[in-house]
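I opened this notebook page to record what I looked up around the bound ligands.

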Amino acid sequence: MTTSTRILLGVNIDHVATLRQARGTRYPDPVKAALDAEEAGADGITVHLREDRRHIQERDVLVLKDVLQTRMNFEMGVTEEMMQFAERIRPAHICLVPETRQELTTEGGLDVAGQEARIKAAVERLSRIGSEVSLFIDADERQIEASRRVGAPAIELHTGRYADAETPTEVAEELKRVADGVAFGLAQGLIVNAGHGLHYHNVEAVAAIKGINELNIGHALVAHALFVGFKSAVSEMKALILAAAR
Ligand SMILES: CC(=O)[C@@H](O)[C@H](O)COP(=O)(O)O
Ligand SMILES: NCC(=O)COP(=O)(O)O
């Protein structure tokens, strides 16, 4: 079982690209955001190349592959098109996520338990290119066990329900669900990451859960960056999570 007091911040730059795509301009460039994030202390850069290309484009991933000083966490749906693209890019990390075209954002985790053979084949294929594969799942023991069985070294627990919880009771329940998921994942020998919907006001409780390896955070950072700049947005978040994880 691995436990660490060092927690990593993966900065998701998807929504810098959302703003660019809204007008079809060349700006703002997510590549610039990635470089600023790295200077401000990001431990890695996360991008989700969606099937509908609503934000990140292939060009972004190709340029990032050449210029990142840290490492890329490439989020992708389990499709043949994405598998081939990942094989071309060979990112350090790949996170397999569920994806539907109509969704506003990623709703729920990947159903690994319901499609073990398919996910196992994808994990094996992507591990062959040297990427560390993680599975974006709900904090659910059945899904965590299935993730271990399919051979993924890492999982990312979906914190969206925690982030969306409204009453103190709901918040406490959802936080406990995440904390239990972290403990269960570590006991299964998995690297446990978490993310989705995390914000300056709700991140500390998650960062304080012992054993979490990395938090992936995007939308809140990009929103805050509008007012304080990207580097400040990242360094503020990094300081919060490091203090909470101590
Ligand atoms: C998988 C995940 O939680 C994030 O990458 C998220 O998908 C960001 O992009 P969207 O907001 O387009 O869902
Ligand atoms: N995998 C979660 C992620 O990368 C960031 O999600 P969000 O902070 O944009 O909701």
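**Ligand surroundings**

I find ligand 1 in the largest pocket, where a pocket is an open set of points on a 1 Å grid over the protein atoms alone, reached by a 1.4 Å probe and with protein on both sides within 12 Å along at least five of seven lines, and a molecule sits in it if more than half of its atoms lie within 2 Å of its grid points. The space taken by ligand 2 is the largest pocket as well.

I note that this is a predicted model, in which local features need pLDDT of at least 70 and side-chain atom pairs count only at pLDDT 80 or more, while totals for chains, interfaces and linings use all residues. Residues are numbered from 1 along each chain as its sequence is written, chains are lettered from A and ligands numbered from 1 in the order written, and side-chain values use heavy atoms, without hydrogens and water.

For ligand 1, I listed the residues with a heavy atom within 4 Å, among them D14, H48, R50 and F136. I then looked up polar contacts (pairs of N or O atoms within 3.5 Å): an oxygen atom of ligand 1 is 2.6 Å from a side-chain N or O atom of H196, and a polar side-chain atom of T105 lies 2.7 Å from an oxygen atom of this ligand. The protein covers 92% of the 340 Å² of accessible area that ligand 1 has on its own, by the Shrake-Rupley method with a 1.4 Å probe.

For ligand 2, I found backbone partners: a polar backbone atom of G218 is 2.8 Å from a ligand oxygen atom, and a backbone N or O atom of H219 lies 2.9 Å from one.

Methods
Polar contact = N/O pair within 3.5 Å; in protein donor to acceptor, adjacent residues only side chain to side chain. 1 Å grid on protein atoms, 1.4 Å probe; cavity = no way out; pocket = protein on both sides within 12 Å on 5 of 7 lines; lining within 4 Å.
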